[in-house]
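Visitor: I am in my first year and would like a careful, close look at a single part of this structure, followed outwards into its surroundings. Could you take me through it step by step?

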Amino acid sequence: MTATETRPSRPARGVNLKVLGPILALVVLVIVGAALNGNFLSAANITNVLSRSAFIGIIAVGMTFVITGGGLDLSVGSMAAFIAGLMILVMNAMLPVMGPGWPLVFVGMLTAMVAGTLAGFVNGFLITTMRIEAFIVTLGTMGIYRSLVTWLADGGTLSLDFGMRSVIRPIYFDGILGISWPIIVFALVAISGELVMRRAAFGRHAAAVGSNDQVARYSSVNVNRVRMLTYVFLGILVGVATIMYVPRLGSASPSTGVLWELEAIAAVIIGGTMLKGGFGRVWGTVIGVLILSLIDNILNLTDGVSPYLNGAIQGVIIILAVILQRDKKAES
Amino acid sequence: MKFTTITAAALAATLALPALAQDTKVIGVSIPAATHGWAGGMNFHAQQAVNRLEEVYPQLDFVLATASDPAKQVNDIEDMLATRNISALVVLPFESEPLTSPVKAVADSGAWVTVVDRGLAIPGIEDLYVAGDNPGFGKVSGEYMASAMPDGGDIVVFRGIPTTIDNERVEGFQSAIEGSGINILAMEHGNWNRDDSFTVMQDFLSKYDKIDAVWASDDDMAIGVLAAIEQSGRDDIKFVLGGAGMKEMVAKVRDGDPMIPADVTYPPSMIATAIEMTAVGMTSTAPVSGTFTIGSVLITQENAADFYYEDSPF
């Protein structure tokens with residue numbers, strides 16, 4: 001409550017540092033990468049990094065709204081794996097009827113979107129109507145979806161029929177004017193997310209609910225409806241991310257999407273959204289996602305660091321990026 | 001419906017018990033759940049072996065339990081000992097350390113113990129050890145690489161999840177290619193995962209202008225590597241060597257895919273060998289104690305058909 005009231009009156013210098021933290025970290029990473037390897041800034045490498053960021057990025061935009069609304073969703077990685085498995089099974093099952101081609105791809109896309117919406121709705125229903133802690137609900141659904149995909153795949157891998165793979169492949173690998181589809185979709189999702197967060201009533205309501213749900217309720221915000229919608233949007237975006245993911249390797253297995261939820265949450269927090277809710281920054285999330293993928297990319301492009309230490313370096317950079325932006329707050 | 005069946009079966013079993021009690025021996029099988037491709041194949045072969053042996057030996061009864069983590073596996077084994085009075089245990093330990101004392105308790109009770117693939121922390125507990133050969137897996141892979149690249153060349157190496165298994169394989173590989181003129185440009189962990197190895201290979205392709213071959217060391221990783229090479233459109237990479245014997249990859253070898261000229265086995269069906277040998281030990285006088293090492297075999301186009309299992313999920 002106090003934090004919400006004092007934020008606008010905070011000195012400009014502090015606000016700037018807070019906002020600039022993640023951007024500075026990103027710039028430093030780009031400079032380090034370019035200095036270490038000449039191919040770092042090549043078009044191919046930039047395309048690779050941006051495309052592979054798209055899955056986590058699209059999910060993280062949705063996660064920004066959930067966290068801003070005072071919630072959390074641990075199930076997104078398992079959900080993505082389950083939806084990917086379902087999408088592949090449906091397309092394989094319909095293949096003899098419809099034949100390989102774009103109509104079947106649309107059936108797959110529709111499957112992913114419907115499954116994502118439903119999965120988000122289930123999480124939201126249990127959290128809002130049944131009043132169970134978001135952490136517990138999504139911990140539960142995380143286990144459920146992970147087991148379901150293992151069961152669907154019989155412990156092995158679900159593979160898209162070979163004839164279908166060449167039809168669907170362009171969704172990940174092709175694009176317009178040299179910009180691949182995952183990058184375009186990620187950009188569109190991020191821009192819409194930023195607009196909704198800044199301009200639309202829904203974004204302000206989510207922040208109000210996350211900041212103090214009692215006050216929000218007295219201000220005639222339908223708290224449960226807003227919370228529910230954040231989870232449904234996240235579910236839909238998980239569906240979108242899966243549509244980008246399946247064309248890449250045409251397969252899903254129990255190891256698909258492992259730890260995506262933590263990467264998405266880390267990206268959201270690096271970007272300046274408050275973990276306890278009440279304030280969200282979608283463009284910051286995008287920066288956070290890029291920082292995480294760049295660390296991996298740079299570590300792969302350089303020698304000299306033992307691959308055993310990749311996780312440690314990632315951890316240090318995540319904490320540094322957050323310290324950089326929380327600097328002012330720690331003092332007060 | 002299902003409940004009724006189970007109750008009926010349980011009732012029948014109870015009624016039948018007095019007559020059979022003297023003859024029936026129970027063999028417990030405890031394995032990790034199917035959380036990745038290889039384990040999925042292992043579960044499939046365990047189930048197949050149990051079904052087959054129950055037909056062959058009416059005097060044997062099998063209890064198959066799959067565990068999703070070491071703690072669950074400890075519980076499974078304790079339950080088998082306490083409630084099913086097992087005469088033998090076939091166990092593929094999730095991890096060596098936590099499983100050592102519960103398996104020792106089974107051995108101390110007088111039951112036969114067969115350990116598969118991963119050894120226990122204290123040697124000598126088990127009566128029979130059916131082991132895969134990890135250094136041998138690396139060695140066979142390295143020897144194939146050396147013979148396929150007589151003039152040497154530059155390769156990149158994909159490692160699995162950092163474990164002893166992975167270290168033994170890589171050491172075996174490195175000593176096999178020593179002096180062959182093959183130069184390892186870089187090694188990175190692909191974690192036996194398609195997505196991870198796809199991104200790592202993309203980055204290797206950005207980093208190096210010329211790569212002659214890839215030791216993916218695992219078939220799942222090889223699939224990710226192949227997708228990254230296809231995307232880059234580069235033709236400097238002559239072949240990719242995977243490992244384990246996934247049926248899609250064996251099919252590629254059989255059909256003469258130039259990028260996948262060979263594969264090296266690390267068969268998940270070794271669980272079937274272990275169950276089979278334990279059953280023989282329980283029902284006959286043939287000695288089966290000791291160590292049985294299942295060698296890694298090179299699959300080439302000539303023998304690929306023998307390693308293709310249509311029904312297996314792996």
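**From one loop residue to the sheet of chain B**

Guide: Let us begin in chain A, where A:Asn37 is found in the loop between α2 (12–36) and α3. The model is a predicted one, and this should be kept in mind throughout. Is A:Asn37 buried or exposed? It counts as buried, because 20 C-beta neighbours lie inside 10 Å, and 20 is the number from which a residue is called buried. Leaving aside residues up to four places away in sequence, A:Asn37 touches A:Leu301 and A:Thr302 in its own chain, and B:Lys207 in the other chain. For a sense of distance within chain A, A:Ile270 is 233 residues away from A:Asn37 in sequence, and their C-alpha atoms are 25 Å apart in space.

The touch with B:Lys207 leads us to the contact between the chains, to which chain A gives 26 residues and chain B gives 27 residues. On the side of chain A, the elements that contribute two or more residues are α3 (43–68), α12 (223–249) and α14 (282–301). Sorted by class, this side of chain A consists of seven nonpolar, 14 polar and five charged residues.

Crossing into chain B, we find 10 helices and 12 strands, in a chain whose C-alpha trace spans about 75 × 45 × 35 Å along its principal axes. Of the 314 residues of chain B, 48% count as buried. If we take the contacts in chain B with a separation of 6 or more, 75% of them are between residues 24 or more positions apart.

Chain B is divided into domain 1, made of 13–132 together with 268–295, and domain 2, made of 134–264. The centres of these two domains of chain B, taken over C-alpha atoms, are separated by 34 Å, and where the domains meet, five residues of domain 1 are in contact with six residues of domain 2. The side of domain 1 that touches domain 2 has one nonpolar and four polar residues, with no charged residues.

Chain B also holds an open sheet of six strands, with parallel pairing and the order β2-β1-β3-β4-β5-β11. In chain B, β2 (60–67) and β11 (290–294) stand at the edges with a single partner strand each, so one side of each has no neighbour in the sheet. From one strand to the next, the twist averages 15°. Helix α2 (residues 37–56) of chain B packs on this sheet, where it touches β1 (25–32) and β2 of chain B, and the direction of the helix makes about 165° with that of β2(B).

As a general point, the strands of a sheet pair through backbone hydrogen bonds, in either a parallel or an antiparallel way. In chain B, strand β3 (residues 88–91) runs parallel to strand β4 (residues 112–116), and four bridges join them; here B:Val91 stands opposite B:Val115 in β4(B). Further along the sheet, five bridges join strand β5 (residues 128–132) of chain B to β11(B), which again run parallel, and B:Gly132 stands opposite B:Ile294 in β11(B). How many of the five residues of β11(B) are buried? The count is zero, and this strand is hardly covered, whereas A:Asn37, where we began, counts as buried.

Notes:
Residues are numbered from 1 along each chain as its sequence is written. Chains are lettered from A and ligands numbered from 1 in the order in which they are written. This is a predicted model: local features need pLDDT of at least 70, side-chain atom pairs count only at pLDDT 80 or more; totals for chains, interfaces and linings use all residues. Two strands pair if DSSP finds at least two bridges between them. Axes are lines fitted to C-alpha atoms, for helices over the stretch in contact, and angles run from 0 to 180 degrees between N-to-C directions. Two residues are in contact if their C-beta atoms, placed from the backbone, lie within 7 Å. Ala, Val, Leu, Ile, Met, Phe, Trp, Tyr, Cys and Pro count as nonpolar, Asp, Glu, Lys and Arg as charged, and the others, Gly among them, as polar. A residue is buried if 20 or more other C-beta atoms lie within 10 Å of its own, exposed if 12 or fewer, and partly exposed in between; C-beta atoms are placed from the backbone. Domain bounds come from an automatic or database domain assignment.
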